[in-house]
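Welcome! Open your viewer, keep a selection tool handy, and let's take a walk through this protein together.

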Amino acid sequence: MDIRRTFRFFPACAFLVVLCLQSCRRDAALERALAFAGDNRRELEGVLLHYKDDSLKQAAARFLIANMPYHFYEEEFYALPGGGRYRPRLTDFPTEEACKAHLDSLARAGRMGERHRYKDIRTLDSAFLVRNIDLAFEAWRKPWARQVPFPVFCRYILPYRISREYPSGLRKEMMDRFIPLLDSAGVSSPLEACSLLNRKLATVMRYKKNSLPFYPTIEETYAWGGARCEGLCDLGLFVMRAAGIPVVMDRTLWTRMDWGHNWGAVWHEGRFHSFAPGEQLPGEYLPVLNSRGHLRPAKVYRSHFEPCPASGSGEVPD
């Protein structure tokens, strides 16, 4: 018996065993998600059936569906007599003072804000998911995105949400507006694309305080042209993903100020580079935070679509 051949055989077997175990875990996660979907299961199975002849898009659909149970959105509004709902829009008010006066009038009338939470897995339909998947693959074909591996694409371009915002239908509109800018500039990497697009976002949105007690939607921030840092990240990173740029949200908590902060990170050649959407470019932002003692983050949390997929080194595992 050739002992060298035997030793070569064992690593190959071990590799196949690992692949089988990973596949079993993915299948189990998908089945748990479908079981959790309740009456929405048929919609999700319709997505898988839609891609039965496209193995790569079906794998992307399986990734989304398997991780949807971890995500939710909230409808926030003022309850009106007779069961009606009212949500003020920031674009309805010419000034911040006018907005505050309107909210005060609602309070005097006894109107109370309500919040209803909905799980993505039980509410998002097949049409929304199929459209999102098809548009994400369209953006992935762009020159700056071609070097992005499929697992990275699934984690940082494919997802339809950034945080806990209401699911947005603006992906196509964002692609039509911002991808031509990247095409004309001839960018060839995620880092170049992120830097160029972030400069453009600085003309589209800025930090704005507002009095509304509701978490902003992508549509509201886009129409109003601003939000606080979390709303800016939701919009800025949503635009980046729509353009085929792999990005993720980072956040920290400043306990002495009872406050938190959010910013973005773009994946490039296996590593992440921090930036502030619509403000500092990749590579510029962490020095800003670290140079201000009261802002320096003690710990940074990363908002993944799937649970803890990345290693502590900041590199993305295969």
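**Stop 1: the second largest pocket**

Before you click, note that this is a predicted model. Now select Arg-164, Tyr-215, Arg-228, Glu-230 and Gly-231: of the 22 residues that line the second largest pocket, these lie nearest its centre. Three elements each give two or more residues to this lining, namely α11 (229-242), β6 (247-254) and β7 (259-268). Try colouring β7, since the largest share of the lining, four residues, comes from that strand. The space in this pocket is about 430 Å³. What kinds of residues make up its lining? Colour by class and you will find ten nonpolar, six polar and six charged residues.

**Stop 2: along β7 to His-268**

Stay with β7 and select His-268, which lies in this strand. Is His-268 buried or exposed? His-268 counts as buried because its relative accessible area is 13%, and the cut-off for buried is under 20%. Now show what surrounds this side chain. Setting aside neighbours within four places in sequence, His-268 is in contact with Gln-147, Ser-189, Pro-190, Leu-191 and His-273.

**Stop 3: Glu-269**

Move on to Glu-269, in the loop between β7 and β8 (271-275). Here the picture changes: Glu-269 has 61% relative accessibility, so this residue counts as exposed, the cut-off being over 50%. Look at the backbone too. Glu-269 is not a glycine, yet its phi is positive, at about 50 degrees.

**Stop 4: a cavity**

Next, look for enclosed space. Rolling a probe the size of a water molecule over the atoms shows where empty space is left. How many cavities of 30 Å³ or more does a search of the whole structure find? The search finds one. The largest cavity has a volume of about 60 Å³. To see its walls, select Arg-87, Pro-88, Leu-90, Asn-210, Leu-212, Phe-214, Pro-216 and Glu-220. By class, this lining has five nonpolar, one polar and two charged residues.

**Stop 5: Pro-69**

Now jump to Pro-69, in the loop between α3 (55-67) and β1 (72-79). Although Pro-69 sits in a loop, its relative accessibility is 17%, so Pro-69 counts as buried. Which residues is Pro-69 in contact with, leaving aside neighbours within four places in sequence? Select Ala-33, Phe-36, Lys-119 and Ile-121 to see them. Then use the distance tool from Pro-69 to Ala-29: the two are 40 residues apart along the chain, and their C-alpha atoms are separated by 9.9 Å.

**Stop 6: two cysteines**

Select Cys-99 and then Cys-154. Cys-99 counts as buried because its relative accessibility is 2%. Cys-154 is buried as well, because its relative accessibility is 4%. If you go hunting for disulfides, with cysteine sulfur atoms within 2.5 Å as the rule, the count comes to zero.

**Last stop: the whole chain**

Finally, clear your selections and zoom out. The chain has twelve helices and nine strands. Of its 318 residues, 47% are buried. Turn on the surface: the chain exposes about 16,600 Å², with carbon and sulfur atoms supplying 54% of that area. Consider the contacts too. Among those with a separation of 6 or more, 69% are between residues 24 or more positions apart.

Conventions. Residues are numbered from 1 along each chain as its sequence is written. This is a predicted model: local features need pLDDT of at least 70, side-chain atom pairs count only at pLDDT 80 or more; totals for chains, interfaces and linings use all residues. Side-chain values use heavy atoms; hydrogens and water are left out. On a 1 Å grid over the protein atoms alone, a cavity is a set of points where a 1.4 Å probe fits but cannot get out, and a pocket is an open set with protein on both sides within 12 Å along at least five of seven lines; lining residues have an atom within 4 Å of a point. Grid points are joined across faces, edges and corners, and a volume is the space filled by probe spheres set on the points. Ala, Val, Leu, Ile, Met, Phe, Trp, Tyr, Cys and Pro count as nonpolar, Asp, Glu, Lys and Arg as charged, and the others, Gly among them, as polar. Buried means under 20% relative accessible area, exposed over 50%, partly exposed in between (1.4 Å probe, protein chains only). Contact means heavy atoms within 4.5 Å. Accessible areas come from the Shrake-Rupley method with a 1.4 Å probe; for residues, only the protein chains shown count as cover.
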